[in-house]
Amino acid sequence: MPNDSPATTPTPLGGIRVIEFSHMVMGPSCGMILGDLGAEVVKIEPAPAGDNTRRLTGPALGFFPAFNRNKRSLCIDLKRPAGLALVRRLAAGADVLVENFRPGAMDKLGLGQAALAAINPRLVYASCKGFLPGPYEHRAALDEVVQMMGGLAYMTGPPGRPLRAGSSVNDIMGGMFAAIGVLAALREREASGRGGLVQSGLFETCMVLTAQHMARAAIEGREPEPFGDPAMRKPWPVYDIFDTADPGQQVFVGVVTETQWRAFCAAFGLEDLLSDPDLAGMHRLAAARARILPRVAAVFAALPKPVLMARCEALGLPFAPIAKPGELLDDPHLLASGGLLPVDLSGAEAAGGAPVRGDAGLPGLPIALPGGRPGLRRQPPRLGEHGREVAREAGLSEAEIAALIADGTLALPGDAPVAE
């Protein structure tokens, strides 16, 4: 599989140059979104070993291939003056810089927003941080941290057992909000001619996710029940996961309007519930869940999973099989709609040490634009893969590039030490 595929159609951010100093998920998500939309993204990695995210294992094994497509890699030693000088030359001609390091880290390198604005006033400088400015801004943050302190873990788990969501939801959304901020700043730059600082906060991202529950707490004057509480009050008679006749196969089904309820009862042999005056109206139906659900569960348990799903689809009911991540690699809708991009996973092979498929269909951006869905122009880069060409674009001569390679300032593929 070729690592780079030139774009064949115009892209919304074509011509926008982005420098990305990031690792893990939040910053790379921002850079990936901009790259998917057509920006030319150069990922700056520390020489000689590159982004530590390449070597993560376990639940983090997929971080690098999932969030680093449509980028080029420049592996450079920023502790050397020549390496720092090269990056500053890139920044002088860039439109956007994305970073997600600890507060003050970029300033110590001489690459903070104020320093780079002095050489490129048009630069949009996007900082992805744990917290926006305030009392918490110097704390270390992870997705897990902000899920715990932001109410999301409380709302996800059962009572007394806070549980993080099964994805890096705040990191990914935080990167998305940073990208939105970048787009707004680029639009503003058209009028002002100047860039500026864009900030996205991991904790503040979690607040967006928790806002609906905060509003409910304010309205009711008490804390809401977690979603993991079996006794959680639900506003609909059916909004649950059910067993089917196929062992271990479950389906979520929702019945959320009175019209749906009438059709549901008629289709599943529950007509007697329709004539019950105690079940007239959605409020009464919701209050009678303890009576209704055993009846529904018994009906569903006698139906094979495909039969149950087909009947729900025919009725127009909200329903979903309980899918596992690996099953989604072959999801027919994602395959047919262009929602899966053929991403090379070989960069994760060395990281985990376990057998990895050479490529897999990973989700693209969940949007369709007038020109179609954003696609894959570049595979996740090999470490330092584009070092020579990026250095040339910055104006360095072949002799200068050779000198940077010779003294270890610029690392190319195969230069990184092998992990033990």
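Which residues lie nearest the centre of the second largest pocket? They are Phe 227, Met 232, Arg 233, Lys 234 and Pro 235, out of a lining of 22 residues. Keep in mind that you're looking at a predicted model. Here's a quick tour of that pocket, one helix, one sheet and one buried valine.

**The second largest pocket**

- Rolling a probe the size of a water molecule over the atoms shows where empty space is left.
- In the second largest pocket, that space comes to about 680 Å³.
- Three elements each supply at least two residues of the lining: helix 9 (202-220), strand 7 (238-243) and helix 12 (282-287).
- Helix 9 gives the most, with four residues.
- As for chemistry, the lining has eleven nonpolar residues, seven charged ones and four polar ones.

**Helix 10 and its buried side**

- Helix 10 covers residues 258-267, and its buried residues are Gln 260, Trp 261, Phe 264 and Cys 265.
- These buried residues sit on the same side of helix 10, because they cover an arc of only 125° around the axis.
- The general rule behind this kind of pattern is that an α-helix has 3.6 residues a turn, so residues three or four places apart point the same way.
- What covers the buried residues of helix 10? Strand 7 is part of the cover, and so are strand 8 (250-255), helix 11 (271-274), helix 12, helix 13 (289-301) and helix 14 (305-315).
- Gly 269 follows helix 10, and its phi is positive, near 70°.

**The seven-stranded sheet**

- Strands of a sheet pair through backbone hydrogen bonds, either parallel or antiparallel.
- One open sheet here has seven strands in the order 6-5-4-1-2-3-12, with mixed pairing.
- Strand 6 (196-201) and strand 12 (410-411) stand at the edges with a single partner strand each, so one side of each has no neighbour in the sheet.
- Strand 2 (residues 40-46) and strand 3 (residues 72-76) run parallel and are joined by five bridges.
- Val 42 has Arg 72 in strand 3 as its bridge partner.

**Val 390, tucked into helix 17**

- You'll find Val 390 in helix 17, which runs over residues 387-393.
- Is Val 390 buried or exposed? Val 390 counts as buried, because its relative accessible area is 1%, and the cut-off for buried is under 20%.
- Setting aside neighbours within four places in sequence, Val 390 is in contact with Val 42, Arg 72, Leu 74 and Leu 90.
- Two of those contacts, Val 42 and Arg 72, are the bridge partners from the sheet.
- Val 390 and Glu 20 are 370 residues apart along the chain, and 13 Å separates their C-alpha atoms.

Note on methods:
Residues numbered from 1 in each chain as written. Predicted model: local features only at pLDDT ≥ 70, side-chain atom pairs only at ≥ 80, totals over all residues. Heavy atoms only, no water. 1 Å grid on protein atoms, 1.4 Å probe; cavity = no way out; pocket = protein on both sides within 12 Å on 5 of 7 lines; lining within 4 Å. Points joined across faces, edges and corners; volume = space filled by probe spheres on them. Nonpolar A, V, L, I, M, F, W, Y, C, P; charged D, E, K, R; others polar. Buried < 20%, exposed > 50% of the residue type's maximum accessible area, 1.4 Å probe, protein only. Arc of directions from axis to C-beta. Contact = heavy atoms within 4.5 Å. Pairing = 2+ DSSP bridges.
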